[in-house]
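Biologist: I'd like a close look at one part of this fold, told in plain words for someone in their first year. Pick a good starting residue and take me through its surroundings step by step.

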Amino acid sequence: MSILNVPSFTTGKQSGFRGDQMAGFSTRWARPSTALVTVRGELDAANSRQFAEYVIGHISRSKELILDLQSVQFFSVSCVPVLHNLNMRCAREGVGWALVPSPAVLRVLRICDPDEQLPAAPTVKAALSKLRNGFSYRGGATDAIFAV
């Protein structure tokens, strides 16, 4: 199993993009305890583990997490368990989180998350607002275990 080192964070600063040639990951702090994780490119079976390790590595350092996937052009069904795993872990750790999907991600979620178990927001600004107001969702975050 490969381990991806999550860089140390400073409020208001952005870490450089990391990732493979198909996808890049970066983090900046929208508020002192709110990580904004941005993903660009294509997410598929080849980089789903790296995606999972990068995103899940921020849970212990955050009280809130926004996963910005607006710049993802391709999103494989193989990455859906990563989102459900993130949902479950955030619920377990008491971390509020929201997902901001691109059209490509939204297409897959319409099929793989028809009951809207994942806390999605249309924009980063809307996600910040929802988290500030105690974003509630209908997720059964601890009902299932997904392997990543």
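Modeller: Let's start with Leu69. Leaving aside its neighbours within four places in sequence, Leu69 is in contact with Val39, Leu43, Phe51, Phe75, Leu99, Val100, Pro101, Ser102 and Val105. Keep in mind that this is a predicted model.

Where does Leu69 fit in? The largest nonpolar core has 29 residues, and Leu69 is among those with the most contacts inside it, together with Val39, Leu43, Phe51, Leu67, Phe75 and Leu86. Quite a few elements chip in: β1 (23-31), β2 (34-43), α1, β3 (64-75), α2, β4 (96-101) and α3 (103-112) each give two or more residues to this core. Apart from this core lies another one, of ten residues, with Val100, Ala121, Val124 and Leu131 among them.

Now follow one of Leu69's partners, Phe51, which sits in helix α1. Is Phe51 buried or exposed? Its relative accessibility is 0%, so Phe51 counts as buried. If you again skip the neighbours within four places in sequence, Phe51 is in contact with Phe25, Val39, Leu43, Leu67, Leu69, Phe75, Cys79, Val82 and Leu83. Take that last one, Leu83: it is 32 residues away from Phe51 along the chain, yet their C-alpha atoms are separated by 9.9 Å.

Zoom out to the helix around Phe51. Eight of the nine residues of α1 are buried, so you can call this helix mostly covered. Besides Phe51, the buried ones are Ser48, Gln50, Ala52, Glu53, Tyr54, Val55 and Ile56. What do they pack against? The buried residues of α1 pack against β1, β2, β3 and α2.

On the β1 side, have a look at Ser26, which has its place in that strand. Ser26 has a relative accessible area of 2%, so it is buried too. Count along the chain and you'll find Ser26 and Val55 29 residues apart, while their C-alpha atoms are 9.6 Å from each other.

The α2 side is worth a longer stop. The axes of α1 (residues 48-56) and α2 (residues 80-93) come within 10 Å and cross at roughly 20 degrees. Angles under 35 degrees count as roughly parallel, and α1 and α2 are therefore roughly parallel to each other. The crossing of α1 past α2 is right-handed. Which residues meet there? From α1 come Ser48, Phe51, Ala52, Val55 and Ile56, and from α2 come Val82, Leu83, Asn85, Leu86 and Arg89. Sorted by class, this contact has seven nonpolar residues, two polar ones and one charged one.

Finally, put this part back into the whole chain. The protein chain has four helices and four strands, arranged along the sequence as β-β-α-β-α-β-α-α. Of its 148 residues, 49% are buried. Remember the pairs that sat far apart along the chain? Among contacts between residues at least 6 apart in sequence, 64% join residues at least 24 apart.

For contrast, try Glu116, in the loop between α3 and α4 (124-132). With a relative accessible area of 51%, Glu116 is exposed, and its phi is positive, near 55 degrees. Most residues other than glycine have a negative phi.

Technical notes. Residues numbered from 1 in each chain as written. Predicted model: local features only at pLDDT ≥ 70, side-chain atom pairs only at ≥ 80, totals over all residues. Heavy atoms only, no water. Axes fitted to C-alpha atoms, helices over the stretch in contact; angles between N-to-C directions. Parallel < 35°, antiparallel > 145°, perpendicular 65-115°, else oblique. Left-handed = near helix turned anticlockwise from the far one by under 90°. Contact = heavy atoms within 4.5 Å. Nonpolar A, V, L, I, M, F, W, Y, C, P; charged D, E, K, R; others polar. Core = buried A, V, L, I, M, F, W, Y, C linked by side-chain atoms within 4.5 Å. Buried < 20%, exposed > 50% of the residue type's maximum accessible area, 1.4 Å probe, protein only.
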